[in-house]
Every structure is written in C-alpha cells, then in structure tokens.
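User: Please take a close look at one part of this model, the loop between two successive helices together with the residues around it. I should like a connected account with the cut-offs stated.

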Amino acid sequence: MHLAYPAVLAALLFSTGLYGVLARRNAILVLMSVELMLNAVNLNLVAFDVWLRDTLHAGQALTLFTIAIAAAEIGIGLSIVLMVYRNRGSSDIDRLRDTAEGHEPPPATPDSSTAANQQSEVTA
C-alpha cells in the first residue's frame with residue numbers, strides 16, 4: 001500500500017478538525033474537532049511506522065500515548081464544559097471570555113445631565 005492514501009486521509013481529517021476548531025462556537029464541538037485532529041496524527045504515526053518498517057514500532061507506541069492523552073483531555077475538558085454550562089446556562093465559547101481573570105466591565109460613560117449634576121455637587 002502506498003503512503004499517499006493514509007497521508008491524504010490524515011490531511012483531510014486534520015483539515016476538517018482545524019475548521020471545526022476555528023469555526024465552531026460550541027465548546028463540545030470544539031473538543032470533538034480536537035479529537036479529530038489527534039486521530040489524524042495517530043493515522044500518520046501508524047502509517048509512517050508501517051512504511052518505514054520500524055522494528056521497535058515507535059509510531060504505534062506514540063499512538064498509544066496520544067490516545068491516552070486524548071482520553072485525559074476529553075475527560076477534563078468535558079468536566080470543565082459541564083461545570084460552565086451549570087453555572088452559565090450555555091456552553092458558547094464567546095460567552096466564556098468574560099470569565100478570564102482581570103476582566104472588568106467597561107466604565108459607563110455618563111451623559112451630559114449626570115455630568116452636570118456631579119459637577120454641581122463638587123462645587124457646592
């Protein structure tokens with residue numbers, strides 16, 4: 001079997017996952033897209049391991065580590081998403097930006113009547 005077939009399939013999977021990460025707003029769909037990208041990497045690792053006829057099977061061993069990391073990432077990521085959904089009522093990524101540290105709401109700009117009232121209180 002040629003190396004081009006699994007490499008093209010892995011490139012398509014990775015591209016689909018990258019599009020999912022960049023275009024989606026739902027956190028669960030972003031996690032699924034990251035998993036798709038990791039599976040594309042796993043496919044490349046196994047394909048190159050078979051193509052190079054590595055006696056140590058390093059590509060397959062690295063694939064097992066990648067699967068373990070992906071399982072841990074999904075477990076932690078889903079627990080974070082569920083806690084955010086319980087607290088906020090939505091798993092929209094755009095709404096999560098206000099949970100960052102140091103985020104303060106912009107100061108309200110007073111209109112002319114409020115500014116005149118404040119200035120008259122200062123002079124009195």
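Analyst:
**The helix 2 to helix 3 junction**

The chain contains four helices and zero strands, where helices (H or I, at least four residues) and strands (E, at least two) are DSSP runs numbered from the N terminus. Along the sequence this gives the pattern α-α-α-α. The model is predicted, so that local features need pLDDT of at least 70 and side-chain atom pairs count only at pLDDT 80 or more, while totals for chains, interfaces and linings use all residues. Residues are numbered from 1 along each chain as its sequence is written, and side-chain values use heavy atoms, with hydrogens and water left out.

Of the 124 residues in the chain, 19% are buried; buried means under 20% relative accessible area, exposed over 50%, and partly exposed in between, with a 1.4 Å probe and protein chains only. Among contacts (heavy atoms within 4.5 Å) between residues at least 6 apart in sequence, 55% join residues at least 24 apart.

The account of the junction starts with aspartate 49, which lies in helix 2. Aspartate 49 is buried but has no salt bridge, and arginine 53, the nearest side chain of opposite charge, is 10 Å away. A salt bridge here requires a side-chain nitrogen of Lys or Arg within 4 Å of a carboxyl oxygen of Asp or Glu; for charge, Lys and Arg count as positive and Asp and Glu as negative, whereas His and the chain ends are not counted. The side chain of aspartate 49 does make a polar contact of 3.4 Å with that of histidine 57. Such a contact is a pair of N or O atoms within 3.5 Å; within protein, one must be able to donate a hydrogen and the other to accept it, and residues adjacent in sequence count only if both atoms are side-chain atoms. With neighbours within four places in sequence set aside, aspartate 49 is in contact with Asp54, His57, Ala58, Gly59 and Gln60.

Arginine 53 belongs to the loop between helix 2 and helix 3, and histidine 57 is found in that loop as well. The phi of arginine 53 is positive, about 55 degrees, although the residue is not a glycine. Histidine 57, also a residue other than glycine, has a positive phi near 55 degrees. Arginine 53 counts as exposed because its relative accessibility is 71%, while histidine 57, at 39%, counts as partly exposed.

On the helix 2 side, phenylalanine 48 and tryptophan 51 are three residues apart in helix 2 (residues 27-52), and therefore separated by about one helical turn. There is one aromatic pair by the rule applied, which pairs rings of Phe, Tyr and Trp (its six-membered ring) if their centres lie within 6.5 Å, planes under 30 degrees apart counting as stacked, over 60 as edge-to-face and the rest as tilted. The ring centres of phenylalanine 48 and tryptophan 51 are 6.2 Å apart and their planes stand at 85 degrees, so the pair is edge-to-face. Phenylalanine 48 is partly exposed, at 36% relative accessibility.

Beyond the loop, helix 3 (residues 58-88) has 31 residues and should span 45 Å at 1.5 Å a residue, which agrees with the 44 Å between its end C-alpha atoms; the expected span is 1.5 Å times one less than the number of residues. Gly59, Thr63, Thr66, Ala70, Gly77 and Val81 are buried in helix 3, and the buried residues of this helix pack against helix 2. Glycine 89, just after helix 3, takes a positive phi of about 85 degrees.
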